[in-house]
Amino acid sequence: MRIGIIGGGQLGRMLAWAGLPLGMEFSFIDPSPGAPAGQLGHLIVAPFEDRAAMFDLAQNVDVVTYEFENVPTPLLREVAAARPVMPAPEVLEASQDRVAEKSLFQALGIPATRHAALDREEELDFALDQTGLPAILKTRRFGYDGRGQVPIFERDEANAAFRSLADAPGGLILESRVRFEREISIVSCRDRTGSVVFYPPGENTHQDGILRSSRAPVRDQSLVHQAEDYARRILEHFDYVGVLAVEFFVVEGALIANEMAPRVHNSGHWSIEACATSQFENHLRALAGLPLGSTRMRGEALLVNAVGRLPSASATLALPDVHLHDYRKAPRSGRKVGHVTALAETRDELETLAPGLFELVPFER
Ligand SMILES: Nc1ncnc2c1ncn2[C@@H]1O[C@H](COP(=O)(O)OP(=O)(O)OP(=O)(O)O)[C@@H](O)[C@H]1O
Ligand SMILES: [Mg+2]
């Protein structure tokens, strides 16, 4: 089975790492010649808009998937006419635009954040009436790691916020700032026959809009059921194949969807060591028409992202069940360059370990 992956970042790298034992071969397309996945397969160095390069990738593989979300969907649809693209381009289209994404959630009965779309400064007052304050102004497209977001606490800050983002292609969205108790996410996977597996949800923390940590499993069964129910609605709506992640805010015990990612997700990286089958392997199994593997956890897991710089390998690996992932990316502030996953038998043991781990793993913004 030859797998073509659009994007050669750490997600592509971890996908290939999971698929090599299954005899799979990997090709990637990425604009960077030093893309982290390049060591594990054939790398086509080209921008994602390069039609010829995209077809070069597609024609030499059995199935195409993506690990990067800002792929032009008209081109992806053309590719899909030549080779199976999974998940389907329509899913990506919905996830690329925060307004379309929220409309999808609402159409499927999934609670979403109050919001209003806006293109012009004159629409701010109306949008603020819809969301109330505090609010967050975001670009509809191309945001990641909290980029393209400006908080608004007072009405007189709104115009400056608008002007700071006004040049963004694709327009803006104003969202109510949700006063959440916690944030959780669920990673799910659906195969070609419609079978679905769920990973236990993880509880996530963010720093400066960047995922810092994820702890699993979330034990509150009511939250688990809500998350599974909502993820399943999306999977079934699209006749989805592959891994889907959905991020939620928890407010008074109820979930409000924040966003979805039609790909393997940072908040599921602990599944590599903590689960019988990782999110990466299950994504590939789904694409290849193979049975999905168990998502059973073999302990309590804590993932901490290394942002800007890697931790010391010798200090990290001196801890008994702690695993280091170096994405082979040049250190740069605000950039995810690796992660560490710690496992423990009990939550208490994990929490004893946690402060030391946060200390050890850099966060440089
Ligand atoms: N409407 C909101 N109310 C409260 N907090 C929010 C809201 N929107 C975003 N945040 C906070 O900022 C974080 C990042 O926001 P979001 O997930 O929208 O951004 P992103 O840049 O697309 O991030 P990602 O890297 O997850 O793709 C959220 O996880 C949450 O902590
Ligand atoms: Mg997010």
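The domain assignment of the protein splits the chain into three pieces: domain 1 covers 2–85, domain 2 covers 114–176, and domain 3 covers 182–360. The model is a predicted one. Taken over C-alpha atoms, the centres of domain 2 and domain 3 sit 29 Å apart.

A good place to begin is the sheet that holds β1 to β4. It is an open sheet of four strands, with the order β3-β2-β1-β4 and parallel pairing. At its edges stand β3 (42–45) and β4 (63–66), and each has a single partner strand, so one side of each is left without a neighbour in the sheet. From one strand to the next, the twist averages 20°. As a bit of background, strands of a sheet pair through backbone hydrogen bonds, and they can do this either parallel or antiparallel.

Going through the pairs, β1 and β2 run parallel and are joined by five bridges. One example is arginine 2, whose bridge partner in β2 is glutamate 25. Strand β2 (residues 25–30) also pairs with β3 in the parallel sense, this time over four bridges. Here phenylalanine 28 has leucine 43 of β3 as its bridge partner. Over at β4, the pairing with β1 is parallel too and runs over four bridges, with isoleucine 5 standing opposite threonine 65 of β4.

How do these strands sit in the rest of the model? Four of the five residues of β1 are buried, so this strand is largely enclosed by the rest of the structure. In β4, Val63 and Thr65 point one way while Val64 and Tyr66 point the other way, and all of them are buried. So β4 has buried residues pointing both ways, even though it stands at an edge of the sheet.

Helix α1 (residues 10–19) tells a similar story. Nine of its ten residues are buried, so the helix is largely enclosed by the rest of the structure. The buried ones are Gln10, Leu11, Gly12, Arg13, Met14, Leu15, Ala16, Ala18 and Gly19. What they pack against is β1 (2–6), β2 and α10 (279–288).

The next sheet is put together in another way. It is again an open sheet of four strands, but its order is β5-β8-β6-β7 and its pairing is antiparallel. The edges are taken by β5 (115–118) and β7 (149–152), each with a single partner strand, so one side of each is left without a neighbour in the sheet. Twist in this sheet averages 20° from one strand to the next. Strand β6 (residues 135–139) and strand β8 (residues 172–176) run antiparallel and are joined by five bridges, and threonine 139 stands opposite leucine 172 in β8. Helix α6 (residues 124–131) packs on the sheet, where it touches β5, β6 and β8, and its direction makes about 165° with that of β5.

Further along the chain comes helix α8 (residues 221–237), with 17 residues. From first C-alpha to last it reaches 24 Å, close to the 24 Å expected at 1.5 Å a residue. Its buried residues are Leu223, Gln226, Ala227, Tyr230, Ala231, Ile234 and Leu235. Seen down the axis of α8, these buried residues fall within an arc of 165°, so they line one face of the helix. On the other side, Gln221, Ser222, His225 and Asp229 are exposed. The cover over the buried residues of α8 includes β9 (182–190), β10 (196–198), β13 (242–251) and β14 (254–261). Just after the helix, aspartate 239 takes a positive phi of about 50°.

Last up is a single residue, proline 311, which is found in the loop between β15 (300–307) and α11 (313–317). Is a residue in this loop buried or exposed? Proline 311 counts as buried, because 22 other C-beta atoms lie within 10 Å and the cut-off for buried is 20 or more. Leaving aside neighbours within four places in sequence, proline 311 is in contact with Ala306, Thr316, Val340, Leu360, Val361 and Pro362. Valine 250, by contrast, is 61 residues away along the chain, and its C-alpha atom is separated from that of proline 311 by 31 Å.

Conventions:
Residues numbered from 1 in each chain as written. Chains lettered and ligands numbered in written order. Predicted model: local features only at pLDDT ≥ 70, side-chain atom pairs only at ≥ 80, totals over all residues. Helix = DSSP H or I, 4+ residues; strand = E, 2+ residues; numbered from the N terminus. Expected span 1.5 Å × (residues − 1). Buried ≥ 20, exposed ≤ 12 C-beta atoms within 10 Å, placed from the backbone. Arc of directions from axis to C-beta. Contact = placed C-beta atoms within 7 Å. Pairing = 2+ DSSP bridges. Axes fitted to C-alpha atoms, helices over the stretch in contact; angles between N-to-C directions. Domains from an automatic or database assignment.
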